[in-house]
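User: I'd like to learn how to read a few features of a model like this one. Could you walk me through them, general idea before the case at hand?

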Amino acid sequence: MAMVMAFEVVGAAAAVFGCALFGILIQMHLICIAYVFLKMNKRNTETPPMKLPGISLLKPLKGVDPHLEDNLETFFELDYPEYEILLCVQEHEDPAIDLCKRLLGKYPNVDAKLFVGGKKVGINPKINNLMPGYEAARYDVVWICDSGIRVRVDTLADLAHQMTEKVGLVHGLPYTADRRGFAATLEQVYFGTSHARTYVAAHATGFKCVTGMSCLMRKAVVDQAGGLAAFGQYLAEDYFLSKAIADRGWQFAMAQQVALQNPGTYSISLFQSRVIRWTKLRIHMVPATIVCEPVSECFVSGLLVSWSAHYFFQWDIVLAFLCYVFAWFLLDFIKLRLVQGGPLSFSKLDYAVAWFIRESMALFIFCAALWDPVISWRTGRYRLRCGGTAEEVIDM
């Protein structure tokens, strides 16, 4: 009898939780769709309220992929009144050095410099690489932008327009450029659906959710927090940089344009490893992730919501689950089209296959992240500690 009552209590609790979860997730979908539709991918025709600030672009580079030169060249062609490009390469033998020198020679009128060697201030290789450029930056606003990002001529102006009086950081929604192959489709579906839903909904509701692929920051505020070197102890420097800026009372803004990733090397295994690495970081920085992330995925939440429908309304569980998944599938397609800002480069069938595979991978990715706290990034391996710090793993 006690066992039966316990099951009834658990069943009722799961049903109530499923109802609450359904309301939260529907709001996240709708907030994301409304925000992207109303505020993103629109040409800025307004006159800026003040003179655009000078900006120092910090560009961390390591190695050369097939798209690197084309991506990097777009930064030399920006239409912006006053900016400098600070190219940062860690290793003296890195082939990216020759590529940088070639672009410096091709664009002699662009204020650009190359820094080689880095400066070790912590375990984060990106921070170590950027330090010489950061210390040499001439302007009060710095733009840290990853090597795989591609920009339009007006991207920097778009970022600067969002840097209003009370804003301390401007970031871009991560997305991917149109590329060939199923791995590229899978990445584009992920960044335009699951990632966009969480990222945009968090920003729109006031949560600090920043990916450091493209971030415009006030240098004086970063210096108040100890400068860039203070964040070398973290692998997820973007999270702690944004937290430090928010803790000092500054607001965040999101660019109208996406942060367009265009790496020349990509595969399903690389995508999976990347998402596992991000999940590991979130688990150690924000422990609530352990509960929140699994139940925010389509299939897990679908089981809970369909149980609620059965418990309260006697609906068939299988039918309720299938209806829920189909509705999620359609809402994700709407988000993807809005983030893309135009027609997709792949068919609806490709979308359906990529969407199903991505959703099916979600639980495996989460379990893999829980299983092993060690992160492999670039050429190093790091063991994460609770709170987000890490130590380098030295193989004997």
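User: Let's go straight to the hairpin. Which residue in strand 12 is the bridge partner of Ile 375?

Analyst: Strands of a sheet pair through backbone hydrogen bonds, either parallel or antiparallel. Here the partner of Ile 375 is Tyr 382 in strand 12. Strand 11 (residues 374–377) and strand 12 (residues 380–384) run antiparallel, joined over four bridges. For the terms: strands (E, at least two residues) and helices (H or I, at least four residues) are DSSP runs numbered from the N terminus, and two strands pair if DSSP finds at least two bridges between them. This is a predicted model, where local features need pLDDT of at least 70 and side-chain atom pairs count only at pLDDT 80 or more, while totals for chains, interfaces and linings use all residues. Residues are numbered from 1 along each chain as its sequence is written, and side-chain values use heavy atoms, with hydrogens and water left out.

User: What phi does Arg 378 take in that hairpin?

Analyst: Most residues other than glycine have a negative phi. Arg 378 takes a positive one, near 55°, in the hairpin of strand 11 and strand 12, which has two residues between the strands. Gln 314 also has a positive phi, near 60°. Gln 314 sits in the loop between helix 12 (298–313) and helix 13 (317–340).

User: Is Gln 314 buried or exposed?

Analyst: Buried means under 20% relative accessible area, exposed over 50%, and partly exposed in between (1.4 Å probe, protein chains only). Gln 314 has 59%, so it is exposed. Ala 236, on the other hand, counts as buried because its relative accessibility is 4%. Ala 236 lies in the loop between helix 8 (219–224) and helix 9 (237–247). Leaving aside neighbours within four places in sequence, Ala 236 is in contact (heavy atoms within 4.5 Å) with Leu 281 and Met 285.

User: Back to sheets. Which strands stand at the edges of the three-stranded one, and why is one side of each left without a neighbour?

Analyst: That open sheet has the order 5-10-7, with mixed pairing. Strand 5 (149–150) and strand 7 (174–176) are its edges: each has a single partner strand, so one side of each has no neighbour in the sheet. Strand 5 pairs with strand 10 (residues 259–261) in the antiparallel sense over two bridges. Across that pairing, Arg 150 stands opposite Leu 260 in strand 10.

Definitions and conventions. Contact means heavy atoms within 4.5 Å.
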